[in-house]
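I opened this notebook to keep track of what I looked up, one topic at a time.

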Amino acid sequence: MTTISVIGIGAGDPEHLTLQAVRVLNDVDVVFVTDKGATTAELVDARVQVCQQVITDQDEYRLVVVPDPPRDRRSPAYREAVEDWRRERALVYDRLIRDELADGGHGAFLAWGDPALYDSILPVLDHVRQIGTAAFDVQVVPGVSSLSALAAGHATTWTRTGRPVQITTGRLLAAHGLPADVDDVAVMLDGGTAFDGLDPDLQVFWGAYVGTDHELLVSGRLGDVADRITALKAAAREEHGWIMDSYLLRRAGP
Ligand SMILES: C[S@@+](CC[C@H](N)C(=O)[O-])C[C@H]1O[C@@H](n2cnc3c(N)ncnc32)[C@H](O)[C@@H]1O
(Lines give C-alpha, C1' and ligand atoms only; values in the text may rest on other atoms or scores of the structure.)
Protein backbone atom coordinates (compact mmCIF):
# COMPACT_ATOMS: atom_id res chain seq x y z
CA MET A 1 0.00 0.00 0.00
CA THR A 2 1.20 3.51 -0.78
CA THR A 3 1.99 5.57 2.32
CA ILE A 4 1.57 9.32 2.59
CA SER A 5 3.41 10.91 5.51
CA VAL A 6 2.35 14.33 6.71
CA ILE A 7 5.43 15.65 8.45
CA GLY A 8 5.42 18.64 10.80
CA ILE A 9 8.68 20.51 10.20
CA GLY A 10 8.41 23.23 12.84
CA ALA A 11 7.61 26.87 12.17
CA GLY A 12 10.95 28.15 10.92
CA ASP A 13 13.73 26.94 13.21
CA PRO A 14 15.50 23.98 11.55
CA GLU A 15 16.51 22.75 15.02
CA HIS A 16 12.82 22.13 15.77
CA LEU A 17 12.74 19.24 13.33
CA THR A 18 12.18 16.06 15.36
CA LEU A 19 14.24 12.89 15.14
CA GLN A 20 11.09 11.14 13.91
CA ALA A 21 10.71 13.69 11.09
CA VAL A 22 14.34 13.11 10.08
CA ARG A 23 13.89 9.33 10.11
CA VAL A 24 10.70 9.43 8.04
CA LEU A 25 12.15 11.96 5.57
CA ASN A 26 15.02 9.55 4.97
CA ASP A 27 12.51 6.87 3.97
CA VAL A 28 10.44 8.80 1.42
CA ASP A 29 10.52 8.43 -2.37
CA VAL A 30 8.86 11.75 -3.16
CA VAL A 31 8.44 14.98 -1.17
CA PHE A 32 5.56 17.17 -2.31
CA VAL A 33 6.02 20.87 -1.62
CA THR A 34 3.13 23.24 -2.29
CA ASP A 35 3.99 26.62 -3.77
CA LYS A 36 1.66 29.52 -3.01
CA GLY A 37 3.41 31.96 -5.35
CA ALA A 38 6.26 34.46 -5.42
CA THR A 39 5.47 36.27 -2.16
CA THR A 40 5.97 33.11 -0.09
CA ALA A 41 8.95 31.73 -2.01
CA GLU A 42 10.94 31.77 1.25
CA LEU A 43 8.54 29.19 2.70
CA VAL A 44 9.11 26.85 -0.24
CA ASP A 45 12.87 27.40 0.13
CA ALA A 46 12.66 26.54 3.84
CA ARG A 47 11.04 23.19 2.98
CA VAL A 48 13.58 22.44 0.25
CA GLN A 49 16.40 23.25 2.66
CA VAL A 50 14.99 20.86 5.26
CA CYS A 51 15.18 18.06 2.68
CA GLN A 52 18.67 19.03 1.59
CA GLN A 53 19.93 19.23 5.16
CA VAL A 54 18.51 16.05 6.66
CA ILE A 55 18.07 13.52 3.85
CA THR A 56 21.35 11.63 3.79
CA ASP A 57 21.17 10.26 0.26
CA GLN A 58 20.09 13.11 -2.03
CA ASP A 59 19.65 10.65 -4.95
CA GLU A 60 17.07 8.59 -3.06
CA TYR A 61 14.10 10.97 -3.30
CA ARG A 62 12.47 13.38 -5.72
CA LEU A 63 11.10 16.80 -4.87
CA VAL A 64 7.86 17.71 -6.60
CA VAL A 65 6.80 21.35 -6.30
CA VAL A 66 3.05 21.69 -6.62
CA PRO A 67 1.51 25.07 -7.55
CA ASP A 68 -1.31 25.73 -5.06
CA PRO A 69 -4.71 26.51 -6.61
CA PRO A 70 -5.62 30.14 -5.76
CA ARG A 71 -8.16 30.65 -2.96
CA ASP A 72 -11.00 33.16 -3.16
CA ARG A 73 -10.13 35.32 -0.12
CA ARG A 74 -12.78 37.96 -0.89
CA SER A 75 -15.74 35.62 -0.55
CA PRO A 76 -17.95 36.53 2.45
CA ALA A 77 -18.86 32.81 2.72
CA TYR A 78 -15.54 31.85 4.38
CA ARG A 79 -16.27 28.19 5.07
CA GLU A 80 -17.70 27.50 1.62
CA ALA A 81 -14.74 29.23 -0.06
CA VAL A 82 -12.30 27.11 1.98
CA GLU A 83 -14.22 23.91 1.19
CA ASP A 84 -14.19 24.72 -2.56
CA TRP A 85 -10.47 25.36 -2.39
CA ARG A 86 -9.83 22.12 -0.50
CA ARG A 87 -11.75 20.17 -3.14
CA GLU A 88 -9.65 21.76 -5.89
CA ARG A 89 -6.49 20.93 -3.99
CA ALA A 90 -7.72 17.36 -3.49
CA LEU A 91 -7.96 16.88 -7.26
CA VAL A 92 -4.33 18.02 -7.56
CA TYR A 93 -3.13 15.75 -4.72
CA ASP A 94 -5.10 12.81 -6.11
CA ARG A 95 -3.34 13.17 -9.45
CA LEU A 96 0.06 13.55 -7.78
CA ILE A 97 -0.34 10.45 -5.65
CA ARG A 98 -1.36 8.39 -8.68
CA ASP A 99 1.18 9.83 -11.14
CA GLU A 100 4.25 10.44 -9.00
CA LEU A 101 4.25 7.41 -6.69
CA ALA A 102 4.61 3.75 -7.59
CA ASP A 103 2.20 1.36 -5.85
CA GLY A 104 3.68 0.76 -2.39
CA GLY A 105 5.71 3.97 -2.62
CA HIS A 106 6.15 6.53 0.13
CA GLY A 107 5.28 10.21 -0.40
CA ALA A 108 5.45 13.09 2.07
CA PHE A 109 3.81 16.45 2.49
CA LEU A 110 5.68 18.89 4.72
CA ALA A 111 3.40 20.80 7.10
CA TRP A 112 4.56 24.09 8.59
CA GLY A 113 4.68 23.80 12.39
CA ASP A 114 2.36 20.98 13.42
CA PRO A 115 -0.09 19.41 10.93
CA ALA A 116 -2.92 19.53 13.51
CA LEU A 117 -3.05 23.33 13.81
CA TYR A 118 -4.67 25.38 11.04
CA ASP A 119 -3.17 23.24 8.34
CA SER A 120 -5.12 21.97 5.35
CA ILE A 121 -3.07 18.92 4.34
CA LEU A 122 -4.95 16.34 6.45
CA PRO A 123 -8.46 17.65 5.53
CA VAL A 124 -7.41 17.73 1.86
CA LEU A 125 -6.19 14.11 2.08
CA ASP A 126 -9.65 13.24 3.48
CA HIS A 127 -11.15 14.76 0.33
CA VAL A 128 -8.70 12.72 -1.78
CA ARG A 129 -9.99 9.56 -0.11
CA GLN A 130 -13.54 10.63 -0.97
CA ILE A 131 -12.57 10.96 -4.64
CA GLY A 132 -11.68 7.28 -4.29
CA THR A 133 -9.19 6.82 -7.13
CA ALA A 134 -5.94 6.77 -5.09
CA ALA A 135 -5.46 4.20 -2.30
CA PHE A 136 -3.03 5.11 0.49
CA ASP A 137 -2.37 5.02 4.23
CA VAL A 138 -1.69 8.24 6.10
CA GLN A 139 1.04 8.57 8.73
CA VAL A 140 1.33 11.82 10.72
CA VAL A 141 4.58 13.07 12.25
CA PRO A 142 3.86 15.84 14.76
CA GLY A 143 5.93 19.02 14.67
CA VAL A 144 6.80 21.93 16.93
CA SER A 145 4.03 24.42 16.31
CA SER A 146 4.50 28.19 16.09
CA LEU A 147 2.53 28.42 19.35
CA SER A 148 5.09 26.27 21.17
CA ALA A 149 7.89 28.37 19.69
CA LEU A 150 6.09 31.60 20.67
CA ALA A 151 5.59 30.52 24.29
CA ALA A 152 9.25 29.47 24.43
CA GLY A 153 10.35 32.81 22.96
CA HIS A 154 8.50 34.63 25.75
CA ALA A 155 9.42 32.03 28.40
CA THR A 156 5.77 31.74 29.36
CA THR A 157 3.13 28.98 29.47
CA TRP A 158 -0.21 28.80 27.71
CA THR A 159 -2.12 27.35 30.63
CA ARG A 160 -0.70 29.09 33.73
CA THR A 161 -1.82 26.85 36.62
CA GLY A 162 -4.46 24.40 35.37
CA ARG A 163 -6.36 26.94 33.25
CA PRO A 164 -8.00 26.63 29.84
CA VAL A 165 -6.68 28.30 26.72
CA GLN A 166 -8.52 28.96 23.49
CA ILE A 167 -6.87 28.93 20.07
CA THR A 168 -8.60 31.15 17.55
CA THR A 169 -8.03 33.22 14.42
CA GLY A 170 -7.71 36.94 13.87
CA ARG A 171 -10.93 36.79 11.81
CA LEU A 172 -12.93 35.28 14.70
CA LEU A 173 -11.36 37.57 17.29
CA ALA A 174 -12.26 40.62 15.18
CA ALA A 175 -15.83 39.34 14.74
CA HIS A 176 -16.57 38.24 18.32
CA GLY A 177 -14.00 39.86 20.60
CA LEU A 178 -12.38 38.05 23.49
CA PRO A 179 -14.55 35.22 24.90
CA ALA A 180 -16.04 36.12 28.29
CA ASP A 181 -15.17 32.78 29.91
CA VAL A 182 -11.55 32.23 28.75
CA ASP A 183 -8.70 34.38 30.07
CA ASP A 184 -5.94 33.12 27.74
CA VAL A 185 -6.47 33.26 23.99
CA ALA A 186 -3.94 32.31 21.33
CA VAL A 187 -4.51 34.17 18.07
CA MET A 188 -3.21 32.91 14.72
CA LEU A 189 -3.86 33.87 11.10
CA ASP A 190 -4.37 37.54 11.87
CA GLY A 191 -4.00 39.34 8.53
CA GLY A 192 -4.63 42.65 10.30
CA THR A 193 -4.62 43.84 13.87
CA ALA A 194 -7.61 42.09 15.43
CA PHE A 195 -6.47 43.19 18.90
CA ASP A 196 -7.54 46.78 18.08
CA GLY A 197 -10.21 48.04 20.45
CA LEU A 198 -9.74 45.28 23.05
CA ASP A 199 -9.27 46.01 26.77
CA PRO A 200 -5.94 47.92 27.00
CA ASP A 201 -5.19 46.20 30.32
CA LEU A 202 -4.83 42.79 28.62
CA GLN A 203 -1.32 41.40 28.48
CA VAL A 204 -0.06 40.49 25.02
CA PHE A 205 2.80 38.17 24.03
CA TRP A 206 3.35 38.71 20.30
CA GLY A 207 5.82 37.14 17.89
CA ALA A 208 6.48 37.19 14.16
CA TYR A 209 8.75 34.84 12.17
CA VAL A 210 9.36 33.09 15.50
CA GLY A 211 12.34 30.74 15.36
CA THR A 212 13.77 32.32 12.21
CA ASP A 213 16.52 34.87 11.66
CA HIS A 214 13.83 37.57 11.28
CA GLU A 215 12.20 36.81 14.66
CA LEU A 216 10.36 39.71 16.33
CA LEU A 217 9.01 39.46 19.90
CA VAL A 218 7.05 42.07 21.85
CA SER A 219 5.21 41.67 25.16
CA GLY A 220 3.52 44.00 27.60
CA ARG A 221 0.24 45.72 28.43
CA LEU A 222 -1.81 45.82 25.22
CA GLY A 223 -2.51 49.55 25.59
CA ASP A 224 1.23 50.23 25.81
CA VAL A 225 2.52 48.01 22.97
CA ALA A 226 -0.35 47.75 20.42
CA ASP A 227 0.92 50.66 18.29
CA ARG A 228 4.43 49.22 18.26
CA ILE A 229 3.17 45.82 17.14
CA THR A 230 1.04 47.43 14.41
CA ALA A 231 4.04 49.41 13.13
CA LEU A 232 6.33 46.35 13.25
CA LYS A 233 3.78 44.27 11.33
CA ALA A 234 3.47 46.89 8.59
CA ALA A 235 7.24 47.34 8.28
CA ALA A 236 7.89 43.58 8.25
CA ARG A 237 5.26 42.97 5.57
CA GLU A 238 6.81 45.74 3.49
CA GLU A 239 10.30 44.29 3.92
CA HIS A 240 9.59 40.56 3.38
CA GLY A 241 6.37 40.60 1.34
CA TRP A 242 4.72 38.22 3.85
CA ILE A 243 4.40 37.91 7.60
CA MET A 244 3.44 35.10 9.96
CA ASP A 245 2.67 36.28 13.46
CA SER A 246 0.79 34.90 16.45
CA TYR A 247 0.02 36.19 19.90
CA LEU A 248 -1.34 35.32 23.30
CA LEU A 249 -3.85 37.68 24.92
CA ARG A 250 -4.11 37.24 28.68
CA ARG A 251 -6.42 38.70 31.30
CA ALA A 252 -4.68 39.38 34.59
CA GLY A 253 -5.02 36.68 37.24
CA PRO A 254 -3.06 33.93 38.96
C1 LIG B 1 -1.68 28.23 8.21
S2 LIG B 1 -1.27 28.51 9.90
C3 LIG B 1 -0.13 27.22 10.16
C4 LIG B 1 0.14 26.96 11.62
C5 LIG B 1 1.12 25.83 11.82
N6 LIG B 1 0.53 24.55 11.45
C7 LIG B 1 1.66 25.74 13.25
O8 LIG B 1 1.60 24.67 13.87
O9 LIG B 1 2.19 26.73 13.72
C10 LIG B 1 -0.26 29.93 9.72
C11 LIG B 1 -0.26 30.77 10.97
O12 LIG B 1 0.61 30.17 11.91
C13 LIG B 1 1.26 31.17 12.65
N14 LIG B 1 2.71 31.04 12.42
C15 LIG B 1 3.32 30.14 11.62
N16 LIG B 1 4.64 30.24 11.68
C17 LIG B 1 4.90 31.25 12.54
C18 LIG B 1 6.10 31.82 13.05
N19 LIG B 1 7.29 31.37 12.68
N20 LIG B 1 6.00 32.83 13.95
C21 LIG B 1 4.78 33.27 14.36
N22 LIG B 1 3.61 32.75 13.93
C23 LIG B 1 3.67 31.76 13.02
C24 LIG B 1 0.72 32.51 12.16
O25 LIG B 1 -0.37 32.88 13.00
C26 LIG B 1 0.26 32.17 10.77
O27 LIG B 1 -0.74 33.06 10.34
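The entries below go from the interior to the surface and then to the backbone.

I noted at the outset that this is a predicted model, in which local features need pLDDT of at least 70 and side-chain atom pairs count only at pLDDT 80 or more, while totals for chains, interfaces and linings use all residues. Residues are numbered from 1 along each chain as its sequence is written, and side-chain values use heavy atoms, with hydrogens and water left out.

Core. I looked up the largest nonpolar core, a set of buried Ala, Val, Leu, Ile, Met, Phe, Trp, Tyr and Cys residues joined through side-chain atoms within 4.5 Å, where buried means under 20% relative accessible area, exposed over 50%, and partly exposed in between (1.4 Å probe, protein chains only). This core has 45 residues, and those touching the most other members are Ile7, Leu25, Val31, Leu173, Val204, Tyr247 and Leu249. Among the elements that give two or more residues to this core are α1 (19–25), β2 (30–35) and β10 (245–250), and α2 gives the largest share, six residues. Helices (H or I, at least four residues) and strands (E, at least two) are DSSP runs, numbered from the N terminus.

Loops. I then turned to Glu60, which lies in the loop between α2 (41–54) and β3 (62–67) and counts as exposed because its relative accessibility is 53%.

Backbone. Most residues other than glycine have a negative phi. I found that Ala155, not a glycine, has a positive phi of about 50°, and that Ala155 sits in the loop between α5 (146–153) and β6 (166–169). Leu189, in the loop between β7 (184–188) and β8 (203–208), has a positive phi near 55°.
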